Each structure stands twice: as C-alpha cells, then as structure tokens.
Amino acid sequence: MVNELTHTDADYRAYGRAWEPFMRTVTDYTMLRRAPLQSLITLCENTLRLDVPGAFVEAGVWRGGAGFVMAETLRRAGEADRKVWMFDSFEGLPAPTEVDGGRAQAYIRDTTSPWYQDNCRADYDDVVAAAQRLGFTEQTRIIKGWFDITVPAHAAAIGPIAVLRIDCDWYDPVLTCLNTLFDQVSEGGIVIIDDYFYYAGAAVAVHEFVGRRRAPYRIETVLSDGDGRAYNEGAFLRKTADPDQHREERVPTIGRFTTRPTQSEVSVANLPLTHTMSEVRP
C-alpha cells in the first residue's frame with residue numbers, strides 16, 4: 001500500500017489485529033483514516049528496525065491522535081528513551097496565502113464541513129490530559145505556539161530526528177518546519193508530508209525546499225481508499241544519500257516491533273471500525 005516499503009493486503013489485516021484496540025482508543029483524537037495511520041506505524045517501526053537515531057516529531061497535532069500512535073509505537077518497541085515532540089498552535093490554522101491554492105480558500109469558507117473542525121482548533125489542556133490518560137506523559141513533549149517561534153526555540157532540545165511528520169497544511173508553516181528541522185533528520189530518517197497531495201502550498205514548499213538542495217529524494221505515496229476508489233492520502237520521503245538503497249526494503253508484518261495479536265484482539269478486529277471523520281475529503 002505504501003509503494004515498496006510496506007503494505008500488502010495481508011499486512012493490513014495483521015496490523016488491524018495487532019493495533020485495532022489502540023486505534024479505537026485514539027479514533028476521536030485524529031482526522032486520519034486507517035491507511036495513513038497504519039503507514040505511520042510501519043514507517044516509525046522501520047526507522048527503529050534500521051536503528052535510525054532520534055526523536056519522533058509532529059508539527060500539526062490537532063487532538064493528538066497521530067502523535068499518540070507514534071508514542072505507542074515507541075512503547076511497544078521498548079524505546080523508553082526516545083521522545084515524541086508534538087507542536088501545534090492550539091489556536092487553529094493561520095490564514096492561507098495565494099500559493100496555498102483554491103482548495104485552501106474553499107476550506108476556510110466552508111465552516112460547515114466536517115473537516116473544518118473549528119479551523120482545526122484543539123484545546124492544549126485536553127491534549128495534555130489525553131496523553132496522561134494514555135500513559136504518554138513521560139514519552140511526549142507537547143508544545144503550544146506558532147511554528148515560526150516554537151520550532152526554532154526547541155530545535156536544539158529535540159536533537160536528532162528519526163521521523164518528522166509535517167501536518168500543517170499551508171506553504172509557510174510547512175516550509176518553516178523543513179527549513180528548521182530537516183537538517184536534524186538522521187540519515188535514513190523519514191519525513192512525512194500529510195498535505196502534499198491535498199493543498200498546493202504544501203507541495204510547493206516541498207519542491208522548493210528539495211529543489212534548492214538539488215537532492216534526489218524520492219516522494220513516496222501513501223494510498224487510501226474511500227467510496228470504492230483509491231486516492232493519494234499523503235506523502236513521505238526518506239532522507240538518504242543513496243535513495244535507491246531502500247527501494248527493496250519491506251517492513252516485517254509481525255516482527256520485532258509489532259505486538260502479536262491476542263485472540264480477543266483478533267475478535268475485535270473483525271468488527272467494523274467506526275470513525276467520526278470517515279468520509280473522504282472532497
């Protein structure tokens with residue numbers, strides 16, 4: 001499902017059994033559908049299996065769901081020393097600019113859309129409380145404020161990065177995160193750009209940044225499905241001096257870093273997954 005890096009249908013069934021109970025726990029904390037969440041798990045596991053050093057970092061947290069999935073991946077892997085840094089304004093999205101495109105302008109006008117979610121606004125204290133309920137207080141660092149201020153202020157404390165997940169929609173914040181944190185991504189690390197296929201500004205920021213460096217990074221696709229059709233859910237690249245090195249790399253389905261399902265989890269996995277944000281983006 002993620003090019004040559006991860007998922008066959010069998011992989012998805014295995015991840016469903018192993019992760020279904022936790023996925024149900026965090027479903028109200030994320031707008032991500034199952035495919036990008038499962039891809040996030042396997043990408044995180046892949047960096048751990050390859051011993052890529054560094055923290056996991058997310059820019060654009062909303063209610064914390066994706067960050068909690070990253071923290072759970074570390075917990076299941078026994079990686080207690082690694083942290084998940086979670087950055088968000090907790091004031092909603094800034095206004096898009098012209099480069100972000102017509103879809104971004106349509107988003108801010110359609111306040112009745114189920115994707116609007118009060119302009120992606122979430123309460124900082126609610127996210128901190130959710131992390132505490134899930135047992136992630138020690139594993140996470142939740143940072144409030146606009147990225148152009150908070151990300152540079154904490155970059156040194158973050159140190160090396162194994163996975164950088166950028167989910168901040170517009171050109172300016174995406175480019176801010178790349179400019180500030182990309183050099184801290186370790187060799188073999190993963191950079192995920194959630195809105196690469198959805199908002200023009202996110203794609204422009206990625207291509208400008210990579211193009212200025214004349215870097216041959218491959219943009220990989222995270223596929224998803226909805227209404228019986230496949231579509232591009234997100235994108236990622238691996239930071240490596242040899243982009244062809246990992247082209248045949250496949251993440252093990254049930255291996256060192258994925259907990260084998262219990263019988264009760266298998267039974268739960270056969271139930272339909274409900275999700276408050278289940279429909280496909282228009």
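The buried residues of helix H8 pack against strand S1 (55-59), helix H7 (147-158), strand S4 (161-166), strand S5 (185-193) and helix H9 in this predicted model. Those buried positions are Tyr171, Pro173, Val174, Leu175, Cys177, Leu178 and Leu181.

Allow me to turn to one of these partners, helix H9. H8 covers residues 171-181 and H9 covers residues 200-213; their axes lie 8 Å apart, at an angle of about 30°. Because angles under 35 degrees count as roughly parallel, H8 is described as roughly parallel to H9. The crossing of H8 past H9 is right-handed.

Which residues meet at this contact? From H8 come Tyr171, Val174, Leu175, Leu178 and Asn179. From H9 come Gly201, Ala202, Val204, Ala205, Val206, Glu208, Phe209 and Arg212. By class, the contact comprises nine nonpolar, two polar and two charged residues.

I close with two backbone positions in the loops. Most residues other than glycine have a negative phi. Aspartate 169, which is not a glycine, nevertheless has a positive phi of about 70°. This aspartate 169 sits in the loop between S4 and H8. Arginine 214, likewise not a glycine, has a positive phi of about 50°, and its place is in the loop between H9 and strand S6 (220-226).

Are these two residues buried or exposed? Aspartate 169 has a relative accessibility of 6% and therefore counts as buried, the cut-off being under 20%. Arginine 214 has a relative accessible area of 78% and is therefore exposed, the cut-off here being over 50%.

Definitions and conventions:
Residues numbered from 1 in each chain as written. Predicted model: local features only at pLDDT ≥ 70, side-chain atom pairs only at ≥ 80, totals over all residues. Heavy atoms only, no water. Axes fitted to C-alpha atoms, helices over the stretch in contact; angles between N-to-C directions. Helix = DSSP H or I, 4+ residues; strand = E, 2+ residues; numbered from the N terminus. Parallel < 35°, antiparallel > 145°, perpendicular 65-115°, else oblique. Left-handed = near helix turned anticlockwise from the far one by under 90°. Contact = heavy atoms within 4.5 Å. Nonpolar A, V, L, I, M, F, W, Y, C, P; charged D, E, K, R; others polar. Buried < 20%, exposed > 50% of the residue type's maximum accessible area, 1.4 Å probe, protein only.
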